[in-house]
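Visitor: I would like a close look at one part of this model, the place where the two chains meet. Please take me through the contacts there with care, and then relate them to the pairings found elsewhere.

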Amino acid sequence: SLQSGAPPLIPQGPSMDASKKVDLKIIIIGALGVGKTSLLHQYVHKRFYEDYRTTLGASILTKVLAVDNTPLKVQIWDTGGQERFRSMVSTFYKGSDGCMLAFDVTDRESFEALDNWRNDFLDKVIPREQDFPMVVLGNKIDICDRQVSKEIASAWCKEKDIPYFEVSAKNNINVAEAFETLAKQALVTYKGIFESYLTDSIKLTPYDKPKKRCC
Amino acid sequence: MFPLKDTEMGASTFFASALPHDVCGSNGLPLTPNSIKILGRFQILKTITHPRLCQYVDITRGKHERLVVVAEHCEKSLEDLLRERKPVSSSRILCIAYEVLQGLQYMNKHGMVHRALSPCNILLDRKGHVKLAKFGLYHMTAQGVDVDFPIGYPSYLAPEVIAKGIVKASDHSQCEKPLPSGPKSDLWSLGIIIFELFMGRKLFQSLEIAERLKFIIMLGCVDDIITVLAEEHGCLDIIKDLSENVIALLKKCLTFQPSKRPTPEELLHDSLFCEVSSVYPSFHKPASLFSSSPRCANLTLPEDISQLCKDEDSDYLAERSIEEVYYLWCLAGGDLEKELVNKEIIRSKPPVCTLPNFLLEDGESFGQGRDRSSLLDDTTVILSLCQLRNRLKDVGGEAFYPLLEDDQSTLPHSNSSNELSAAASLPLIIRERDTEYQLNRIVLFDRLLKAYPYKKNQIWKEARVDIPPLLRGATWAALLGVEGAIQEKYDAIDKDTPIPTDRQIEVDIPRCHQYDELLSSPEGHAKFRHVLKAWVVSHPDLVYWQGLDSLCAPFLYLNFNNEALAYACMSAFIPKYLYNFFLKDNSHVIQEYLTVFSQMIAFHDPELSNHLNEIGFIPDLYAIPWFLTMFTHVFPLHKIFHLWDTLLLGNSSFPFCIGVAILQQLRDRLLANGFNECILLFSDLPEIDIERCVRESINLFRWTPKSATYRQYAQPPRQASDSNGTRSSMSCFSADYQEAPQSDLVSD
């Protein structure tokens, strides 16, 4: 048939590290409806919109933030939360520098799913390293009806050695802190690479073959 | 809906109760405004069609939770009869009562209670027949919960209604919701109205409202309510002259204990109406378009056929349904708010007079109490058809009764249709706002749809010109080949038993096209839930993928009052355009689809394709929501309508062309940018000119060789052989005598 023999035309994903025009790539994952998009918008636009669309696949926002007086361009990838999309979403994991795990404190299942999301992410990120920069966000603390206590969530995070933040995208509690902690952490891990960027800003693709860039 | 005939269209207005500032529901999201709840509940009223009920047509939201309701209206009412101050005869009273009961019985059958029956709401048409008005107010306001005014008129309230007291909507304590009134409360009101009719004047006029209510409650202590009422109003002598039937009727209506009072249904079949009932033919609900029952079963020709071709100046517009006339009225520049302002129903105060005296930080204001008397205005403003008639004055009778030519017909085209074809070349956006053009299209499609499935081919042909927005729901269903017993099929699906997908659906619905008033109403959410669940339950081999909610939205919006049709359309759409996309493991289907899409980009735009490949901007990163939801996730509804009007005429390869057309519209920006800018651009798809997109995708489609879009996992073509065994049993379906129309978008 037409398809069977032909090689796939799709290249195997973008090589994020190669043509990096951003300094950090952060990805936010977690179960459906925990408020990933809201957190992201609260952080980037300082606004809480009530009527979000479901995120299918991924959507991306960027923000420049200052870490230790150094401007840092962060690209944040927002992903769809439905289990089924996980195989598709993992395409987006590539080249991440930091990962934000989100759950909803009023939804026990979303907390229980953290393990899966984390493992799935670590499996896809090569090389697999346990101390990959991560933070956990327990969202929706503005709602009274909690199903996951602060103690349980903190314990889980402590065991995995991940910083834990109780946040509210709606009331803008702790959101920026969580993002900035992750950014700093990612920065420390990749300090070496990052410094080569700063000292040699013209050599944008230090270890790749030179690419023609259109300006 | 029935034709407008000699009734009018009227508009009336009221306010929904405003929600307090900054109060959130249990999910942390703001509460749905009451006006949206009412708007959602109103929709079902449009389907309640009965000669004794004023047809509801539309509802719109204005500022400050104002609602404007459009319904059929007559100028005269029982109020006018009372104003003549002459007693009404017993026989006339019995007829009026019987007709009111017919109306009440029909609405009770649909689970509704009037609760505001009064002489001013019992209208009389030109022939003197009863039409009940405002019968949906109690229903649409959730038994009065969503408004700050009481529903009903003091003199006519049944004692049990008064005894319950008024529940103030502001105390949302929800501790104890009062039971809603039942159908029997309306009978008490009818009893009082009948009393007034034979008396020739109104009751309780000398009593203050509080006294009036007290008096009615006190009637529970008397033996003979009718005599007490008559004594109080000095009309014992009139009582004596009343026919036995009227007295019997009064006694039944004015029974103090609701448990002993009959229902409208029971009273309608009471022997006292023996004589009257024989005059009234029984009412048959006209069969709907997509149902298994024969649509012509109850057709009757007039005795004298020549009556059908009346004289020259007959009023063709009045033969159209109220819904159509209202739609055209709006197109011809009708503006509800303006009509109400002109009649001083909507009065605006100078802004300086509405400043609050005291403001809290959260926006709550004090010192300017709302004038509660203006919350409900009983006046109905008649919407004049002058402007519309003027607009249509050159439209001949033949436009209302177009000849449906067969494909082989050699009849010459009339002049008017030539003019129309000139109009057909105008941009779609202009055609959709042109009163005369829309009239022609609506009449034509209405007739074609009535002849569906027989006229299927012609519907396809006309749909290629355009689809009139008013009839889009039915037209889409016809294009998707929906037929058969859709309601029965839908009813047979278990939509109540909990399933694991429930939670997922529950989370997705409040995020799906919520800018739309209908879809964001609680009623809309419930319908979403039903249709999505029905689909999941009835397709065990497929699963719910996020995005299915978006896919459901256009069908639900267009068939808001017909869940079965929305479900049937969605079920027909998915195998045609999204075959196996909703398999639990759909990766092979999606991967192949995206690969073919990459090929299509390369085929039609090599330069763009090279650039996108070079920067690694693959379709996996942006096109999954496009195709998985057939663009319903990325475009608002009004754009989807125009996109799908054409998509439905194409085959399953057409979406590729739409995708390429979108990329081409953004071509310059994509070419000029690298990966990061491109991915940002598609994160929030920029404004796309949808008409241009449609035009270009048709072009692309014509230039695409079929082999280029070949997919191994596409829906296999239907085998001709498997139809021979089952053919006879389902011969009423069009698929047996005509295959799907061949009018591919390619052929011209």
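Guide: In this predicted model, A:Asp107 and B:Arg503 form a salt bridge whose closest N and O atoms are 2.9 Å apart, and the count of salt bridges between chain A and chain B is 1. Side chains of opposite charge can pair when their charged atoms come close. Polar contacts add to the picture, with 7 residue pairs counted between chain A and chain B, both residues of a pair being at pLDDT 80 or more. On the side of chain A that touches chain B, helix H1 (2-5), strand S2 (58-67), S3 and H3 of chain A each supply at least two residues. Of the elements of chain A, S2(A) gives the most to that side, with 4 residues. By residue type, the side of chain A that touches chain B divides into 18 nonpolar, 11 polar and 9 charged residues.

As for the extent of the meeting, 38 residues of chain A are in contact with 49 residues of chain B. The size of an interface is often given as the accessible area lost when the parts come together. Between chain A and chain B the buried area is about 4,000 Å², and carbon and sulfur atoms give 60% of it.

One residue that repays a close look is A:Gln82, which is placed in the loop between strand S3 (70-79) and helix H3 (86-93) of chain A. With a relative accessible area of 3%, A:Gln82 is buried, because the cut-off for that class is under 20%. The side chain of A:Gln82 is joined to the side chain of B:Gln504 by a polar contact of 3.3 Å, while a polar atom of the A:Gln82 side chain also lies 2.9 Å from the backbone oxygen of B:Tyr544. If neighbours within four places in sequence are left aside, A:Gln82 is in contact with A:Leu32, B:Gln504, B:Tyr544, B:Trp545 and B:Gln546.

A further link between the chains involves B:Asn676, whose side chain is joined to that of A:Gln75 by a polar contact of 3.0 Å. B:Asn676 is found in helix H34 (residues 675-683) of chain B, and at 10% relative accessibility B:Asn676 counts as buried. Within chain B, B:Asn676 and B:Ile505 are 171 residues apart in sequence, and their C-alpha atoms are 33 Å apart in space.

A record helps to place some of these positions along chain B: in an unreviewed entry, UniProt lists residues 466-651 of chain B for "domain: Rab-GAP TBC". In the model, residues 466-651 of chain B are 60% helix and 0% strand, and the end C-alpha atoms of the span lie 18 Å apart.

Turning from the meeting of the chains to pairings elsewhere, the structure holds 35 salt bridges over all chains. In one of them, B:Lys131 meets B:Glu72 through their side chains, at 3.2 Å from N to O. B:Lys131 belongs to strand S6 (residues 130-132) of chain B and B:Glu72 to strand S3 (residues 66-73) of chain B, so this pair ties together parts that are 59 residues apart in sequence. B:Lys131 counts as buried at 9% relative accessibility, and B:Glu72 likewise counts as buried at 7%.

Another salt bridge joins B:Glu160 and B:Arg261, with the closest N and O atoms 2.9 Å apart. Since B:Glu160 lies in helix H5 (residues 159-164) of chain B and B:Arg261 in the loop between helix H10 (244-253) and helix H11 (264-268) of chain B, the pair ties together parts that are 101 residues apart in sequence. Both B:Glu160 and B:Arg261 are buried.

A salt bridge within one helix is found where the side chains of B:Arg692 and B:Glu696 meet, at 3.0 Å from N to O. B:Arg692 and B:Glu696 both lie in helix H35 (residues 690-703) of chain B, 4 residues apart, which is about one turn of the helix. B:Arg692 is partly exposed, with a relative accessible area of 29%, and B:Glu696 is partly exposed as well, at 23%. Elsewhere in chain B, salt bridges that share partners join B:Arg320, B:Glu324, B:Asp446 and B:Lys450 into one network.

Key: Residues are numbered from 1 along each chain as its sequence is written. Chains are lettered from A and ligands numbered from 1 in the order in which they are written. This is a predicted model: local features need pLDDT of at least 70, side-chain atom pairs count only at pLDDT 80 or more; totals for chains, interfaces and linings use all residues. Side-chain values use heavy atoms; hydrogens and water are left out. UniProt positions are given in the numbering used here, feature names are shortened, and annotations may be inferred rather than shown by experiment. A salt bridge is a side-chain nitrogen of Lys or Arg within 4 Å of a carboxyl oxygen of Asp or Glu. Buried means under 20% relative accessible area, exposed over 50%, partly exposed in between (1.4 Å probe, protein chains only). A polar contact is a pair of N or O atoms within 3.5 Å; within protein, one must be able to donate a hydrogen and the other to accept it, and residues adjacent in sequence count only if both atoms are side-chain atoms. Contact means heavy atoms within 4.5 Å. Buried area is the accessible area (1.4 Å probe) that two parts lose on being put together, summed over both. Ala, Val, Leu, Ile, Met, Phe, Trp, Tyr, Cys and Pro count as nonpolar, Asp, Glu, Lys and Arg as charged, and the others, Gly among them, as polar.
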